[in-house]
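I opened my notebook to keep track of what I looked up in this structure. My entries are short, and each new term gets its cut-offs once.

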Amino acid sequence: MSTTTPVIPTQTKVAIFGTASLAFCGILVETSMNVTFPTLMHQFHTTLATVQWVTTAYLLAVAATMVITAFIQQRFRWRTIINVGGAGFVLGGLLCTVAPQLWLLLFGRIIQAIGTGLALPLVFAQIMTQVPFTAQGRFTGTAGMLIALAPSLGPTYGGLVTQLLSWRLIFGITLPFGLIAWLITAKTIRQTQAPRSRPFPLCQFGLVVAALILLIFSVNNLSTHGLSLVFVWLPLLLAVLAVLTFTRSATRTTHPLINLAVFQQGNFTRALLIYFFIQFIQIGLTFLLPNFAQLALGKNALVSGLMLLAGSLCSAILSPLAGKLMDRRGIRRPFQIGSGFLLLATLSLAGLAQHLSVGLIIGLFVGLFVGFRIGFSCLFNNALTYGLQQLPPQLMGDGNALFNTLQQYSGSLGTAIMAVLITLGTRMAPSASSTMQTTLGTQIALWFSLIIIMIVAALALTTKPIANMADDQHQSRSSNH
């Protein structure tokens, strides 16, 4: 690894920071709403299964937007993309701030999600095309610090604002910050290649969106319809058919929505799976633990949000350091450290599930979540950097689109599955109190999380870096730009 410090223009740094800040604002309000569910259930007179669509619909819309980012970034100027994204964030936030009914809140969330979905992939597109190879880990870690901080900081922010002010101000407070980030980015962003015309594969886009929606619809229906043929198995089958049809179409056209040749790189696929599963559990836990604190322990939104704060701050500090570690020592070391912390923390959380209490959550459980976030910081952004480094320049946009799409969709799926597992406690103990039912569901969800983390550790610990690929990719990008 080179020890020289590459010179990066200030304009590039500012543009990356501005784009990451806009994405941070979008993701912050994404998980801030998790702690407001009991409040929204009361205000709109509805159930948890319905209210959780405030988060699920948002994540679905972000994921659907990110599917087309490879096309959008090649077809349009990046300044145009960030202007549309910034406008979507502001307009959607305004609608959510004043929404008198749940449907308008959902509509505003979807508009805001489109804005976030356009902004977030631009963060890593700039890093992977405008930052030298030897500094990409550090920049991805620093930018990822903001993005990774937002999901776990969200419950603390949402709880504080909801308890002291109103849930509506979760959106109102973030609007000026998002607006400033938008304007800064629009002024400084640049791109190395001019836009080029290409046809939009509308049919393929429809198939991907249908698959995303049908899978979430199937999972959500588990909590209310069990293993229903019509409401669970049929949409699941249709989702699988949509994916297979998309795959067939994408491999037979010269202009696919996403070039599936990226999966020919085994290390890319491995990194993508690690990235997906870690985000799945991370978002799932930020939904699970605050709602357990409110629904089972009777705590308010402020307490339920604060219990994740220490982990959020820890992640903010460690993400850039983990990126530097990868730049200097390669991928194996941060993957080993991260896997160890994830396994220990998740095993301890699951083992203590039957002894959950306010004291444990605020004390021991906070410490365990910090351990989880340490492991998360070592693996999450490094997996993205490592995965994209395995691709040739012409596939970089497709790989970036897949990482960002699955990042958001994993959160949507994680929220939906955790909600199903919580309600599973009701089915397993129908005569028990609501507190006992929620506790049982939380225990099931934590043991399920441990299984997923074991898969992540197995993938991470068996990763074998390709010694010459880094130099080859660096030379290829240098000649290309």
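**Ground rules**

Before looking at any helix pair, I noted that axes are lines fitted to C-alpha atoms, for helices over the stretch in contact, and that angles run from 0 to 180 degrees between N-to-C directions. Helices (H or I, at least four residues) and strands (E, at least two) are DSSP runs, numbered from the N terminus. This is a predicted model, where local features need pLDDT of at least 70 and side-chain atom pairs count only at pLDDT 80 or more, while totals for chains, interfaces and linings use all residues. Residues are numbered from 1 along each chain as its sequence is written, and side-chain values use heavy atoms, with hydrogens and water left out.

**Entry 1: the whole protein**

I looked up the secondary structure and got 20 helices and 0 strands. Of the 481 residues in the protein, 59% are buried (buried means under 20% relative accessible area, exposed over 50%, partly exposed in between, with a 1.4 Å probe and protein chains only). I also checked contacts (heavy atoms within 4.5 Å). Taking those between residues at least 6 apart in sequence, 84% join residues at least 24 apart.

**Entry 2: α18 and α19**

How do I describe two packed helices? By the angle between their axes and the distance between the axes.

I tried this on helix α18 (residues 396–428) and helix α19 (residues 434–461): their axes come within 7 Å and cross at roughly 130°. That angle makes α18 oblique to α19 (under 35 degrees counts as roughly parallel, over 145 as roughly antiparallel, 65 to 115 as roughly perpendicular, and the rest as oblique). The crossing is right-handed (the near helix is turned clockwise from the far one by less than a right angle; anticlockwise would be left-handed).

Then I listed who touches whom. On the α18 side, the contact includes I417, M418, L421 and G425, and on the α19 side it includes Q437, L440, I444 and F448. By class I got 10 nonpolar, 6 polar and no charged residues (Ala, Val, Leu, Ile, Met, Phe, Trp, Tyr, Cys and Pro count as nonpolar, Asp, Glu, Lys and Arg as charged, and the others, Gly among them, as polar).

**Entry 3: α4 and α10**

Next I picked helix α4 (residues 53–67) and helix α10 (residues 202–225), which pack at an angle of about 160° with their axes 10 Å apart. They are therefore roughly antiparallel to each other. I noted a right-handed crossing for α4 passing α10. Among the residues that meet are W53, L60 and V67 in α4, and F205, L212 and N220 in α10. The classes here are 11 nonpolar, 2 polar and no charged.

**Entry 4: T19, and α1 against α6**

Is T19 buried or exposed? T19 counts as buried, because its relative accessibility is 0%. I found T19 in helix α1 (residues 10–32). The T19 side chain makes a polar contact with the side chain of Q126, at 3.1 Å (a pair of N or O atoms within 3.5 Å; within protein, one must be able to donate a hydrogen and the other to accept it, and residues adjacent in sequence count only if both atoms are side-chain atoms). Not counting residues up to four places away in sequence, T19 touches I82, A119, L122, V123, Q126 and T185.

So I looked at α1 and helix α6 (residues 78–98): they pack at an angle of about 30°, with their axes 11 Å apart. That makes α1 roughly parallel to α6. The crossing is left-handed. T19, L22, C25 and G26 in α1 meet I82, G86 and F89 in α6, and these divide into 4 nonpolar, 3 polar and no charged.

**Entry 5: three single residues**

Q74 lies in helix α5 (residues 69–75). At 19% relative accessibility, Q74 still counts as buried. Leaving aside neighbours within four places in sequence, Q74 is in contact with P195, R196 and R198.

P199 sits in the loop between α9 (169–188) and α10. With a relative accessible area of 48%, P199 is partly exposed. P199 and L257 are 58 residues apart along the chain, and their C-alpha atoms are separated by 9.6 Å.

Last, I looked up A322 in helix α14 (residues 309–329). A322 is buried, with a relative accessible area of 6%. Leaving out residues up to four places away in sequence, A322 touches S377, C378 and N382.
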